[in-house]
Amino acid sequence: MAQDFLKIFDLKDKIAVITGGGGDLCGNMATALSSLGVKVAVLDKDAVKADKRKDAISDAGGTALAMACDVLDHDQLKDCCDAVTRTWGAADFLINGAGGNDPAATTSQDFFDPKHIDDDTVTTIFDLDLSDYRRVFDLNFLGTFLTTQIFSRPMMDKSSGSIVNMSSMTADTPLTKVSAYSAAKAAVSNFTRWLAVHFAHTGVRVNAIAPGFFMTEQLRFLHVDQRTGQLSERARKVIDRTPMGRYGEPDDLIGVLVWLLSDASRFVTGIVVPVDGGFSAYTV
């Protein structure tokens with residue numbers, strides 16, 4: 001019985017497409033899935049990072065493709081989808097991992113003080129440039145939308161598939177300073193639920209993972225003092241608000257990912273799963 005039960009977690013010979021696959025978190029997902037027998041297409045805007053991850057997977061005996069792809073470029077996405085389909089067939093899984101924040105779309109203070117309105121050393125909402133703001137929002141939300149639009153179409157032909165979007169704890173509780181990122185992740189969570197209903201009769205499930213705080217390279221500019229290398233005041237606040245008392249590690253996302261991709265969650269669609277060490281459950 002136990003052996004039969006484990007079969008619902010079996011992903012061997014499935015095909016996964018992972019955007020942002022050259023990064024810390026989604027790159028680790030690519031490696032983990034390949035170790036389970038999944039053929040992995042690693043898509044990343046940075047071709048060098050995509051190739052490096054693909055080579056590491058191949059060296060470990062896995063099967064992978066690396067593709068340079070801007071998730072805001074419809075034609076590039078279509079070319080990548082066609083290439084995956086020609087090589088292996090239609091993807092079984094899509095992980096929308098491309099995203100991130102930009103210091104240029106970030107305020108420097110938690111709270112606005114009117115005396116800072118003409119202070120060139122302080123960045124307030126009035127100093128944020130529309131192009132910077134839009135770049136962050138578009139990358140996180142429209143990148144998810146466009147990639148899904150392209151890669152989910154072949155899934156319809158075989159009436160099966162699992163899409164996992166990357167939301168964030170900031171989707172439900174906006175973090176100070178990162179307005180564009182918070183707004184975009186809220187849109188990702190909303191789109192996940194909407195699309196789950198839209199696709200409910202197709203055999204394609206749609207869910208999201210909402211990581212808490214993981215010390216990736218993108219997070220360091222807000223959480224590590226660039227002069228001393230010590231955790232910033234903001235970082236200490238995060239740890240104090242995380243009941244488990246630590247940052248997440250890339251492997252902490254793998255169990256939830258495998259569950260959402262596999263038949264173990266075959267009646268699960270339209271949810272956003274926090275992986276946050278208790279951050280979303282804690283208050284004082």
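**Entry 1: the sheet**

In what order do the seven strands of the open sheet lie? I looked this up first in the model, which is a predicted one. The order is 3-2-1-4-5-6-7, and the pairing is parallel. I noted strand 3 (64-68) and strand 7 (272-275) as the edge strands, since each pairs on one side only. From one strand to the next, the twist averages 15 degrees.

I then took up the pairing of strand 1 with strand 2 (residues 39-44), which runs in the parallel sense over five bridges. Within strand 2, I found Ala-41 as the bridge partner of Val-17.

Next I turned to the helices on the sheet. Helix 2 (residues 24-35) packs on the sheet and touches strand 1, strand 2, strand 4 and strand 5. I recorded an angle of about 170 degrees between the direction of helix 2 and that of strand 1. Helix 9 (residues 254-261) also packs on the sheet, where it touches strand 4, strand 5, strand 6 (204-211) and strand 7. The direction of helix 9 makes about 170 degrees with that of strand 6.

**Entry 2: strand 4**

Are the faces of strand 4 (residues 93-96) covered or open? I found both faces covered. Phe-93 and Ile-95 lie on one side, Leu-94 and Asn-96 on the other, and all are buried. I set beside this the general rule that side chains in a regular strand alternate between the two faces of the sheet.

I checked the neighbours of strand 4 in turn. Strand 1 (residues 15-19) pairs with strand 4 in the parallel sense over four bridges. Here I located Thr-19 opposite Asn-96 of strand 4. Strand 5 (residues 161-166) likewise pairs with strand 4 in the parallel sense, over four bridges. In strand 5, Ser-162 is the bridge partner of Phe-93. I followed the chain from strand 4 through helix 5 (residues 130-158) to strand 5 and recorded this β-α-β crossover as right-handed.

**Entry 3: aromatic rings**

How many aromatic pairs does a search of the whole structure find? The search returned six. One of them is Phe-141 with Phe-191, an edge-to-face pair at 5.9 Å centre to centre with 90 degrees between the planes. I noted that this pair links distant parts of the chain: Phe-141 belongs to helix 5 and Phe-191 to helix 6 (residues 179-198), 50 residues apart. Both Phe-141 and Phe-191 are buried.

Why is the pair of Phe-191 and Trp-194 stacked? The ring centres of Phe-191 and Trp-194 are 6.2 Å apart and their planes stand at 15 degrees, so I entered the pair as stacked; the cut-off for stacking is under 30 degrees. Phe-191 and Trp-194 are separated by about one helical turn, because they are three residues apart in helix 6.

I compared the accessibility of these two residues. Phe-191 has 9% relative accessibility and therefore counts as buried, the limit being under 20%. Trp-194, with a relative accessible area of 48%, is partly exposed.

I recorded one aromatic cluster formed by Phe-137, Phe-141, Phe-145, Phe-191 and Trp-194.

**Entry 4: Arg-241 and Thr-283**

Over which ring does the charged end of Arg-241 sit? I found it over the ring of Phe-279, 4.6 Å from the ring centre. I also looked up Thr-283, which is placed in the segment after strand 7. The C-alpha atoms of Thr-283 and Arg-241 are separated by 7.7 Å, although the two residues are 42 residues apart along the chain. Thr-283 counts as exposed because its relative accessibility is 62%, and the limit is over 50%.

**Entry 5: Gly-248**

Where is Gly-248 found? I located Gly-248 in the loop between helix 8 (233-241) and helix 9. Leaving out residues up to four places away in sequence, I listed Phe-213, Phe-214 and Met-215 as residues that Gly-248 touches. Gly-212 lies 36 residues from Gly-248 along the chain, and their C-alpha atoms are separated by 7.0 Å.

**Entry 6: Ser-58**

I closed with Ser-58, which is found in helix 3 (residues 47-59). Its relative accessibility is 33%, so Ser-58 counts as partly exposed. The C-alpha atoms of Ser-58 and Lys-14 are separated by 16 Å, with these positions 44 residues apart along the chain counted as their separation.

Definitions and conventions: Residues are numbered from 1 along each chain as its sequence is written. This is a predicted model: local features need pLDDT of at least 70, side-chain atom pairs count only at pLDDT 80 or more; totals for chains, interfaces and linings use all residues. Side-chain values use heavy atoms; hydrogens and water are left out. Buried means under 20% relative accessible area, exposed over 50%, partly exposed in between (1.4 Å probe, protein chains only). Helices (H or I, at least four residues) and strands (E, at least two) are DSSP runs, numbered from the N terminus. Two strands pair if DSSP finds at least two bridges between them. A crossover is right-handed if, with the strands pointing away from the viewer, the path from the first strand over the helix to the second runs clockwise. Axes are lines fitted to C-alpha atoms, for helices over the stretch in contact, and angles run from 0 to 180 degrees between N-to-C directions. Contact means heavy atoms within 4.5 Å. Rings of Phe, Tyr and Trp (its six-membered ring) pair if their centres lie within 6.5 Å; planes under 30 degrees apart count as stacked, over 60 as edge-to-face and the rest as tilted. A charge sits over a ring if NZ of Lys or CZ of Arg is within 6 Å of the ring centre and within 35 degrees of the ring normal.
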